[in-house]
Every structure is written in structure tokens, then in C-alpha cells.
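Work through the exercises below with the structure open beside you. Try each task before you read its solution.

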Amino acid sequence: MKLLRLTLRVLIGGLFIGHGTQKLFGWFGGHGPEGTGGFFESLGLKPGKRNAIAAGAAEAGGGALLASGVALPLAGAALTGTMTTAIRHVHGSKGPWSSDGGWEYNAVLIAATLAVIEDERGLGWALTAGIAGVAGSLALSELAARQDQPADEFEAVPFQGSEQVRETTQV
């Protein structure tokens, strides 16, 4: 195994574990699911607490997989998805530079994660992980947007199957 590639996997994976546990448990100065959930609600990621838990689990779980070298494409998809969502909902409108709150750091994390996957599993798996992560981010955003929309009105149809069963058994 290459030492610097291992160092990269463990460093990025470990930082993602920490970032995820900030959301899940409030560790390392994080706000936990309640505080993070409120922030997510303000971004339109509703319901906020559920999305905070999902993001925290994706980051902590993806980070653990990346650090351990197990299921790297799954790790790449989870981490790419959370970083893509962060870019789309928080950093994208602020330009590229992190000094302005931009997306450069998120993009570097995505690129480094996918480069590790390419090096260890091949280009096909790295591209698949990246595409799956972006698709997951888009799907999550669509589901969150639908939380604000009222359900379509429908007319309830009474269930009559139980009466028919009773009639047949009583004959």
C-alpha cells in the first residue's frame, strides 16, 4: 500500500467522521440534530432534523468507509452527495473562494475522494461514485422541496372488502 494514499484516505475520512458527528451528536463544537436541523430548514432542506441526521450519517459513515478502505465507491457516493448538497444550498452562490464562504474546499474534498477511489478501484468506480453522489443530492433536494407543497386533494374511497368477507363466511 502506498503511504501517502493511506494518509490521504485516513485524513479525509477522519475529518468527515468528525464533521458527521457534529451533526449527529453535537461533538467537536457541532450543533447536533436539532441545531443543524434548524439550519437545514432555513435552507429549504425539510424536514430539517431528518435531513441533518441523514447528512451526518452519510458523512460519518462515508468517512469511516473511506478511512478504512472498505466499500470505497459507496463512501465516494455518500461524501460526494453531501458536498454537492452543501455546494448547491450553501456555498455555490458565494463564488469559488472559501474566504468568501464559497465552494472551493467542498470541490477539493470531492476531487480528492474520487481520486483515491480511481487509484484504488479504477476510473469506472470513481465516475460511478461521483455520478451517484450528485444524483443523490438532486433527489434529496427534490424531496425536500416537495415537503413544502400541500398534498393533492383526493376523494376517499371506503373500503368494503371486510363486509364482503363477513357476508360470505356467514352463509
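**Exercise 1. List the contacts of G62, then place this residue in the chain.**

Step 1. Leave out residues up to four places away in sequence. G62 then touches A57, A75, A78 and L79; contact means heavy atoms within 4.5 Å.

Step 2. Before going on, note the ground rules. This is a predicted model, in which local features need pLDDT of at least 70, side-chain atom pairs count only at pLDDT 80 or more, and totals for chains, interfaces and linings use all residues. Residues are numbered from 1 along each chain as its sequence is written, and side-chain values use heavy atoms, with hydrogens and water left out.

Step 3. Find the element. G62 sits in helix α3, residues 48–68. Helices (H or I, at least four residues) and strands (E, at least two) are DSSP runs, numbered from the N terminus.

Step 4. Judge the burial. G62 counts as buried because its relative accessibility is 3%. The cut-offs are under 20% relative accessible area for buried, over 50% for exposed, and partly exposed in between (1.4 Å probe, protein chains only).

Step 5. Compare sequence and space. G62 and G14 are 48 residues apart in sequence. Their C-alpha atoms are 9.8 Å apart.

**Exercise 2. Describe the chain as a whole.**

Step 1. Count the elements. The chain has seven helices and zero strands. From the N terminus on, the order is α-α-α-α-α-α-α.

Step 2. Look at burial. The chain has 171 residues, and 35% of them count as buried.

Step 3. Look at the surface. The chain exposes about 10200 Å², and carbon and sulfur atoms supply 65% of this area. Accessible areas come from the Shrake-Rupley method with a 1.4 Å probe; for residues, only the protein chains shown count as cover.

Step 4. Look at the contacts. Take those between residues at least 6 apart in sequence: 57% join residues at least 24 apart.

**Exercise 3. Trace the salt bridges around E120.**

Step 1. Recall the principle. Side chains of opposite charge can pair when their charged atoms come close. In a salt bridge, a side-chain nitrogen of Lys or Arg is within 4 Å of a carboxyl oxygen of Asp or Glu. The whole structure holds seven salt bridges.

Step 2. Start with R5. Its side chain meets that of E120 in a salt bridge, at 3.0 Å from N to O. R5 is in helix α1 (residues 3–25) and E120 is in helix α5 (residues 104–121), so the pair links distant parts of the chain, 115 residues apart. Both R5 and E120 are buried.

Step 3. Move to R9. R9 also forms a salt bridge with E120, and the closest N and O atoms are 3.0 Å apart. This pair links helix α1 to helix α5 across 111 residues. R9 counts as buried because its relative accessibility is 3%.

Step 4. Add R121. E120 and R121 form a salt bridge with the closest N and O atoms 3.9 Å apart. R121 counts as partly exposed because its relative accessibility is 39%.

Step 5. Join the pairs. Through shared partners, salt bridges connect R5, R9, D119, E120 and R121 into one network.

**Exercise 4. Which residues have the most contacts inside the largest nonpolar core?**

Step 1. Fix the term. A nonpolar core is a set of buried Ala, Val, Leu, Ile, Met, Phe, Trp, Tyr and Cys residues joined through side-chain atoms within 4.5 Å.

Step 2. Name the residues. The largest core has 16 residues, and I12, F16, L66 and I117 have the most contacts inside it.

Step 3. Find the helices. α1, α4 (72–91), α5 and α6 (123–146) each supply at least two residues of this core. α5 gives the most, with six residues.

Step 4. Zoom in on I117. Leave aside its neighbours within four places in sequence. I117 is then in contact with L72, P73, G76, G122, W125, A126 and A129.

**Exercise 5. Is T85 buried or exposed?**

Step 1. Locate the residue. T85 is in helix α4.

Step 2. Decide. T85 counts as buried because its relative accessibility is 12%.

Step 3. List its partners. Not counting residues up to four places away in sequence, T85 touches L45, V90, S137 and L140.
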